[in-house]
Amino acid sequence: MFSVNGLRKPLYYFLEFLADMGKTLVEIGSEYIVTRGEGRYDILAYNESSLDRLTLDVSFSPGIGSRKLTQQKLTAVRSCISFWCQLDFSDNITEKDKLFIDRMSMPEVTFQMITEANSHKYTCSLEPHDIVLITLELI
């Protein structure tokens with residue numbers, strides 16, 4: 001979960017995403033897990049391919065109510081490994097550099113509001129080794 005320098009590897013965030021998900025399992029696919037919690041659904045997806053992009057399409061039916069969609073995405077190109085590589089995988093990085101790398105490698109968070117008036121389709125593209133947690137909450 002951590003590098004020799006204490007940097008958070010992608011597995012750290014993957015496990016954090018799992019811990020944040022709802023406790024009721026809804027569906028498991030080859031690239032995703034869907035859970036339900038109180039007033040929300042969670043989708044955790046991972047692109048295990050080393051070459052191909054994965055496109056995740058999620059459709060919401062009318063009448064689901066107004067919802068907030070939160071996407072937390074960890075991209076392979078922004079993982080601590082990529083930034084640590086820029087420092088030649090040094091065992092002795094400064095605390096300041098470690099702080100910078102931790103900030104730069106955190107998952108990117110975006111929000112989207114979905115109204116109940118019409119159906120909605122949400123598409124998320126994952127490059128190789130990307131991880132995403134999508135949370136749909138009733139508001």
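# A guided tour of the salt bridges, cores and loops

Select R40 and D42 to begin: these two residues form a salt bridge in which the closest N and O atoms are 2.8 Å apart. The model on display is a predicted one. Colour the pair by accessibility, and the two partners separate into two classes. R40 is partly exposed, with a relative accessible area of 21%, whereas D42 is buried, at 0%. Side chains of opposite charge can pair when their charged atoms come close. The count of salt bridges in this model comes to three, and the tour turns to the others next.

**Second stop: E127 and R53**

Select E127 together with R53. Their closest N and O atoms are 2.4 Å apart, and the pair forms a salt bridge. Which parts of the chain does this pair tie together? E127 lies in the loop between β7 (120–126) and β8 (131–138), and R53 lies in the loop between β3 (40–46) and β4 (54–60), so the contact ties together parts that are 74 residues apart in sequence. E127 is partly exposed, with a relative accessible area of 35%; R53 is exposed, with 54%.

**Third stop: E137 and K68**

Move on to E137 and K68, whose side chains meet in a salt bridge of 3.6 Å, N to O. Here the partners sit in strands: E137 belongs to β8 and K68 to β5 (residues 67–74), so this pair ties together parts 69 residues apart in sequence. Both count as partly exposed, E137 at 27% relative accessibility and K68 at 25%.

**Fourth stop: the loop residues N47 and H129**

Return to the loop between β3 and β4 and select N47, which has its place there. Is N47 buried or exposed? At 5% relative accessibility, N47 counts as buried. Display the polar atoms of its side chain: one of them lies 2.8 Å from the backbone oxygen of D52. Expanding the selection to contacts, and leaving out residues up to four places away in sequence, shows that N47 touches D52, R53, L54, L126, E127, P128, H129 and D130. Two members of that list, R53 and E127, are the salt-bridge partners of the second stop.

From the same contact list, select H129. H129 is placed in the loop between β7 and β8, and at 34% relative accessibility it counts as partly exposed. Inspect its backbone torsions: phi of H129 is near 70°, a positive value in a residue other than glycine. Most residues other than glycine have a negative phi.

**Fifth stop: the largest nonpolar core**

Next, select L56, F60, L69, Y122, C124 and I134. Of the 15 residues in the largest nonpolar core, these six touch the most other members. Strands β3, β4, β7 and β8 each supply at least two residues of this core, and β4 gives the most, with four residues. To see the surroundings of one core residue, centre the view on Y122. Leaving aside residues up to four places away in sequence, Y122 touches L56, D57, V58, F60, L69, Q71, Q112 and I134. A second, separate core holds eight residues, including Y12, F17, I131 and L133.

**Sixth stop: helix α1**

Two members of the second core, Y12 and F17, lead to helix α1 (residues 10–20), whose buried residues are Y12, Y13 and F17. On which side of α1 do these residues lie? They cover an arc of only 135° around the axis, which puts them on the same side of α1. Show the elements packed over them: what covers the buried residues of α1 includes β3, β5, α3 and β8.

Now display the rings of Y12 and Y13. The model has a count of one aromatic pair. Y12 and Y13 form that pair, which is edge-to-face, with 5.3 Å centre to centre and 85° between the planes. Y13 counts as buried, at 3% relative accessibility.

**Last stop: helix α3**

Among the elements covering the buried residues of α1 is α3. Select E95, which has its place in this helix (residues 95–104). At 62% relative accessibility, E95 counts as exposed. As a final distance, select the C-alpha atoms of E95 and S105: these residues are 10 residues apart along the chain, and the two atoms are separated by 15 Å.

Methods:
Residues are numbered from 1 along each chain as its sequence is written. This is a predicted model: local features need pLDDT of at least 70, side-chain atom pairs count only at pLDDT 80 or more; totals for chains, interfaces and linings use all residues. Side-chain values use heavy atoms; hydrogens and water are left out. A salt bridge is a side-chain nitrogen of Lys or Arg within 4 Å of a carboxyl oxygen of Asp or Glu. Buried means under 20% relative accessible area, exposed over 50%, partly exposed in between (1.4 Å probe, protein chains only). Rings of Phe, Tyr and Trp (its six-membered ring) pair if their centres lie within 6.5 Å; planes under 30 degrees apart count as stacked, over 60 as edge-to-face and the rest as tilted. A polar contact is a pair of N or O atoms within 3.5 Å; within protein, one must be able to donate a hydrogen and the other to accept it, and residues adjacent in sequence count only if both atoms are side-chain atoms. Contact means heavy atoms within 4.5 Å. A nonpolar core is a set of buried Ala, Val, Leu, Ile, Met, Phe, Trp, Tyr and Cys residues joined through side-chain atoms within 4.5 Å. The arc is that of the directions from the helix axis to the C-beta atoms.
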